[in-house]
Amino acid sequence: MKKLSLALCVAALATATLLLLQPDVTESPIAAAANPEGSQSMGADAVNEPQPPRLSQSDAPTTPPAWNGANFARALAGTDIDGDLRVDENGLLIMDIQVKDFFDYFFLAVGERTPEEVVAEIRRRIYERLPGPAAEQAMGLLNDYISYQERIGELMAAPLAPAESQNYEYYASVMANTFEQLKSLRRQIFAPDVVDAFFGLDEAYSGYALAVMQVKADALLSDSEKVSQVEALQQKLPAQMRDAHRQATQRENLTREARRMYREGYDADSVRQALRGQFSDDKAEKIIAYYQREDEWRARLDDYQRRKQDIQAAARTDAETVAGLTQLRNSLFTSEELKLVESYDAIDRKAAQYDKP
């Protein structure tokens with residue numbers, strides 16, 4: 001059984017979370033980019049770095065140029081900017097989930113672009129889109145959001161129990177504690193209206209997911225009682241989320257059935273027909289193509305594992321093993337695939353340590 005880390009617990013409860021700070025780094029580069037003067041305040045007044053020309057309250061923002069995501073980062077190729085920054089009749093920023101989506105969209109480029117470059121791009125877009133007062137609000141929120149991401153990094157640094165003592169009940173307990181810490185952290189950093197706008201639906205679903213885990217971990221409940229309690233929890237979700245959950249469940253069940261059919265050798269037309277209940281023809285074709293690529297990848301990975309064992313058995317030294325495996329990986333996988341294969345190998349090495357007496 002794979003063991004959870006606290007990072008996975010946080011990720012399960014905080015959607016769209018980007019970790020912009022390693023726990024052992026004393027100063028975050030992304031925080032420095034947003035606030036190079038070293039101010040500890042995360043409000044709008046704390047932004048002291050050189051910025052684009054400030055707009056007066058009566059000034060209108062410039063029209064932003066057309067966006068080509070590929071020019072900024074490969075991860076954004078072929079995409080439109082997610083979220084939006086809008087103002088109300090008083091020229092103030094409208095506080096809703098679209099502001100968070102706007103920030104998260106650009107943060108997806110961290111890794112390909114430096115944190116400083118990402119923050120600079122967000123800042124530039126803010127001043128392009130918003131008049132002065134709303135731009136100041138957005139900059140303050142950006143600083144707060146960066147601070148929030150840093151503090152999540154601190155949460156993830158917390159140690160877990162030894163892997164051998166982790167079980168479903170333990171996961172439920174850790175996630176419950178993590179959820180409460182996240183809720184508390186959000187309320188320490190953000191104003192109440194921002195918490196509702198940015199995290200309202202997320203907290204509603206995270207609370208539901210946590211409650212479901214706790215029900216399933218309750219050894220005193222029968223299977224039928226667990227089903228009944230989970231259904232009751234679903235009814236407490238917001239209507240928007242109930243509909244999304246129901247549709248997601250229907251699609252999950254449909255794709256699971258289509259995958260079973262594909263694996264059992266049904267022809268492509270039969271699989272395609274099954275998928276049409278929930279997916280367009282174009283989407284159904286993409287799903288079938290994915291199954292085909294998945295099979296091809298699995299075959300290459302299985303071949304690698306077999307040949308890897310042969311190399312390890314025949315090698316006389318560690319150097320021979322490393323050289324042989326490097327040559328094998330390079331012959332079977334692309335440079336992008338190599339990263340994933342190396343991750344699999346690292347997991348195998350870690351698992352082998354646990355298996356030792």
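Modeller: Before we start, a crossing is called right-handed if the near helix is turned clockwise from the far one by less than a right angle. Keep in mind that this is a predicted model.

Biologist: Fair enough. How many helices and strands are in the protein chain?

Modeller: Reading along the sequence, you get the pattern α-α-α-α-α-α-α-α-α-α-α-α-α. That fits the tally for the protein chain, which is 13 helices and 0 strands.

Biologist: And what share of the 357 residues in the protein chain is buried?

Modeller: A residue goes in that bin if its relative accessible area is under 20%. Across the 357 residues of the protein chain, the buried share comes to 37%.

Biologist: What about contacts in the protein chain with a separation of 6 or more: what percentage joins residues 24 or more positions apart?

Modeller: Those contacts start at a separation of 6, and the pairs you ask about sit 24 or more positions apart. Their share is 67%.

Biologist: Let's go to helix 10. Which of its residues are buried, and where do they sit around the axis?

Modeller: Helix 10 covers residues 268-275, and its buried residues are Val271, Arg272 and Leu275. Looking down the axis, they fall within an arc of 100°, so what they line is one face of the helix.

Biologist: Which helices do those buried residues of helix 10 pack against?

Modeller: There are two partners to look at, spanning 239-263 and 281-314. They are helix 9 and helix 11.

Biologist: At the start of helix 10, which backbone nitrogen does a side-chain oxygen of Asp267 reach?

Modeller: The side-chain oxygen of Asp267 gets to within 3.0 Å of its partner. That partner is the backbone nitrogen of Asp269.

Biologist: How do helix 10 and helix 11 cross, and is the crossing left-handed or right-handed?

Modeller: Two packed helices are described by the angle between their axes and the distance between the axes. Here the axes of helix 10 and helix 11 come within 9 Å and cross at roughly 130°, so the two helices are oblique to each other. On one side Ala268, Val271, Arg272 and Leu275 of helix 10 meet Ala284, Glu285, Ile287 and Ile288 of helix 11. As for the hand, the crossing of helix 10 and helix 11 is right-handed.

Biologist: Staying in helix 11, which backbone oxygen does the side chain of Arg300 reach?

Modeller: Arg300 lies in helix 11 and is buried, with a relative accessible area of 17%. Leaving aside neighbours within four places in sequence, its contacts are Leu332, Phe333 and Glu337. At 2.8 Å, the side chain of Arg300 reaches the backbone oxygen of Leu332.

Biologist: Are helix 7 and helix 8 roughly parallel or roughly antiparallel to each other?

Modeller: Their axes come within 10 Å and cross at roughly 170°. The contact involves residues including Tyr208 and Val212 of helix 7, and Val230 and Leu233 of helix 8. An angle over 145 degrees is the cut-off that matters, so helix 7 and helix 8 are roughly antiparallel.

Biologist: Why is helix 3 largely enclosed by the rest of the structure?

Modeller: Helix 3 spans residues 97-107, and its buried residues include Val99, Phe102, Asp104 and Tyr105. It is largely enclosed because the buried count is 8 of the 11 residues.

Biologist: Last one: what separates the C-alpha atoms of Glu169 and Ala217?

Modeller: Glu169 lies in helix 6 and is partly exposed, with a relative accessible area of 43%. Along the chain, Glu169 and Ala217 are 48 residues apart. Their C-alpha atoms are separated by 5.4 Å.

Definitions and conventions: Residues are numbered from 1 along each chain as its sequence is written. This is a predicted model: local features need pLDDT of at least 70, side-chain atom pairs count only at pLDDT 80 or more; totals for chains, interfaces and linings use all residues. Side-chain values use heavy atoms; hydrogens and water are left out. Buried means under 20% relative accessible area, exposed over 50%, partly exposed in between (1.4 Å probe, protein chains only). Helices (H or I, at least four residues) and strands (E, at least two) are DSSP runs, numbered from the N terminus. The arc is that of the directions from the helix axis to the C-beta atoms. Contact means heavy atoms within 4.5 Å. A polar contact is a pair of N or O atoms within 3.5 Å; within protein, one must be able to donate a hydrogen and the other to accept it, and residues adjacent in sequence count only if both atoms are side-chain atoms. Axes are lines fitted to C-alpha atoms, for helices over the stretch in contact, and angles run from 0 to 180 degrees between N-to-C directions. Angles under 35 degrees count as roughly parallel, over 145 as roughly antiparallel, 65 to 115 as roughly perpendicular and the rest as oblique.
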